[in-house]
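Work through the exercises below with the sequence and the structure side by side. Each one sets a task and then follows it step by step.

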Amino acid sequence: MSDYRLTKAQARAFLLAKHGLIGEYKFKGKQGVVEFVEQAGCIQFDPIDACGKNAELVLQSRVSDFTKEMLNELLYKDRKLVDYFDKQLSIIPADDWKYFERTRGLYRNHGRSRDKVDSVADEVKQFIREQGPACSKDVPLKETVDWSWSPTTLSRAVLETLYFCGDLIVHHKKGTIKYYALAEDHIDSAVLSDEDPNKTDADYTKWMVLRRIRSVGMLWNKPSDAWLGIDRLKAQDRKDAFASLIADRSIVACSVEGIADPLYIGMADEPLLRAVLSSDPDPIRRVEFIAPLDNLIWDRKLIKALFDFDYKWEIYTPVAERKYGYYVLPVLYGDAFIGRIEVVADKKTKQLNLIGYWLEKGAEPDKAFRKLLRQRLERFAAFNGCENVRDERNFISK
């Protein structure tokens with residue numbers, strides 16, 4: 001039995017309010033970055049930078065006055081956030097370190113070329129202790145060893161293994177090059193020594209499933225990319241976790257018109273759902289560009305069911321088979337995905353180049369949308385360090 005019966009419009013309104021993607025911005029400045037990441041649990045990291053990296057794109061759509069420097073400072077100066085594995089490689093709150101002891105434990109006991117890595121691990125930690133943060137080129141271990149995707153240098157293998165195990169953290173980055181430092185030197189000792197709150201594997205799975213439900217905002221008990229990165233999660237484990245979360249009222253069931261399976265929200269988000277159901281049904285509409293690995297769209301089938309929007313990130317699709325383009329972002333207008341856009345930031349000319357723009361079938365953008373779209377492009381250009389928008393094919397003026 002469902003606790004709430006929702007229309008699709010109400011479900012969309014809840015999701016967008018949860019993510020701060022409709023109405024006035026509820027996440028503001030540097031503190032807003034921290035608040036959103038704490039709410040989401042994690043934001044997925046990807047190094048590709050056509051017009052901002054994925055994590056930066058997630059934040060620019062939600063946090064007013066966001067700059068890329070804010071995220072860099074929170075990761076590598078303030079240390080309120082940290083790079084680690086959650087939904088794949090992610091950015092998580094530093095205070096969540098304790099919850100990932102199981103992940104670190106798996107890496108301590110498994111991994112390729114461990115005999116060679118373990119034989120020099122202490123030597124590398126001492127090197128960093130004496131020399132400071134180091135990348136793989138700094139560590140004088142050039143022997144080639146077997147590694148995850150392809151053979152690599154022993155220096156890289158040992159640094160990454162120690163990072164996976166929690167001995168090292170990413171101290172900073174220069175482009176895509178990671179410099180590692182000792183975790184004990186940069187993460188509060190109380191955080192490092194705090195015990196894992198999840199005593200059993202079942203406890204961990206239950207915690208992770210709830211974390212992902214709250215990260216997306218609303219999920220069903222079905223296979224989904226939203227579950228990626230949960231260690232050894234099988235269908236029965238997921239079902240058991242849902243049953244336990246329902247039993248102890250950690251999640252709330254919602255039936256949504258036209259969708260056979262119940263959707264679930266975290267109990268902590270029930271006040272927001274009630275507020276949405278009793279609030280103005282027509283809040284201020286914004287135009288936002290949504291990241292390709294955005295938390296909101298982790299479950300593509302759910303987005304199709306709720307928004308009637310079918311999105312595929314075509315970055316790994318052969319060029320000849322692409323329907324749209326290489327790095328295409330969904331365009332959100334109010335509570336609807338009205339189209340897609342591909343923009344590339346040219347750092348040399350400081351121009352934001354509009355490569356492609358596709359409206360959804362049946363979309364009829366009004367004057368307000370076109371004005372907001374131009375304003376969003378101007379802000380997006382500034383976000384990418386560009387001084388103007390280049391639209392050679394006059395997509396926006398059509």
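**Exercise 1.** In this predicted model, find how many residues the largest nonpolar core has, and which of them have the most contacts inside it.

*Solution.* The largest nonpolar core has 127 residues, and those with the most contacts inside it are Val 33, Leu 59, Phe 289, Leu 306, Phe 337, Ile 341 and Phe 380. Turning next to the elements that supply this core, one finds that helix α7 (residues 154–165) gives the largest share, seven residues. As a last step, take Phe 289 and leave out residues up to four places away in sequence: among the residues that Phe 289 touches are Leu 57, Leu 329, Val 331, Ile 341, Leu 377 and Phe 380, together with Gln 60, Ser 61 and Arg 376.

**Exercise 2.** Describe how helix α10 and helix α11 pack, and which residues make the contact.

*Solution.* Two packed helices are described by the angle between their axes and the distance between the axes. For helix α10 (residues 201–216) and helix α11 (residues 235–247), the angle is about 80° and the axes are 9 Å apart. Because angles of 65 to 115 degrees count as roughly perpendicular, α10 is roughly perpendicular to α11. On the α10 side the contact is made by Thr 205, Lys 206, Val 209, Leu 210 and Ile 213, while α11 brings Asp 237, Ala 241, Phe 242, Ser 244 and Leu 245. Sorted by character, the residues of this contact are six nonpolar, two polar and two charged.

**Exercise 3.** Decide whether Asn 353 and Glu 270 are buried or exposed, and list what each one touches beyond its sequence neighbours.

*Solution.* Asn 353 lies in strand β16 (residues 351–359). Its relative accessibility is 15%, and since buried means under 20%, Asn 353 counts as buried. Beyond four places in sequence, Asn 353 is in contact with Glu 342, Val 343, Val 344, Asp 346 and Arg 390.

Glu 270 belongs to helix α12 (residues 270–277), and with a relative accessible area of 12% Glu 270 is buried. Setting aside residues up to four places away, Glu 270 touches Tyr 4, Val 252 and Ile 265. Glu 270 and Val 252 are 18 residues apart in sequence, yet 7.5 Å separates their C-alpha atoms.

**Exercise 4.** Establish how many disulfides a search of the whole structure finds, and whether Cys 42 and Cys 165 are buried or exposed.

*Solution.* The search of the whole structure finds zero disulfides. For Cys 165, the nearest cysteine sulfur is that of Cys 135, 20 Å away, whereas a disulfide needs the sulfur atoms within 2.5 Å. Cys 165 counts as buried at 5% relative accessibility, and Cys 42 counts as buried at 2%.

How values were computed: Residues are numbered from 1 along each chain as its sequence is written. This is a predicted model: local features need pLDDT of at least 70, side-chain atom pairs count only at pLDDT 80 or more; totals for chains, interfaces and linings use all residues. Side-chain values use heavy atoms; hydrogens and water are left out. Helices (H or I, at least four residues) and strands (E, at least two) are DSSP runs, numbered from the N terminus. Buried means under 20% relative accessible area, exposed over 50%, partly exposed in between (1.4 Å probe, protein chains only). Contact means heavy atoms within 4.5 Å. A nonpolar core is a set of buried Ala, Val, Leu, Ile, Met, Phe, Trp, Tyr and Cys residues joined through side-chain atoms within 4.5 Å. Axes are lines fitted to C-alpha atoms, for helices over the stretch in contact, and angles run from 0 to 180 degrees between N-to-C directions. Angles under 35 degrees count as roughly parallel, over 145 as roughly antiparallel, 65 to 115 as roughly perpendicular and the rest as oblique. Ala, Val, Leu, Ile, Met, Phe, Trp, Tyr, Cys and Pro count as nonpolar, Asp, Glu, Lys and Arg as charged, and the others, Gly among them, as polar.
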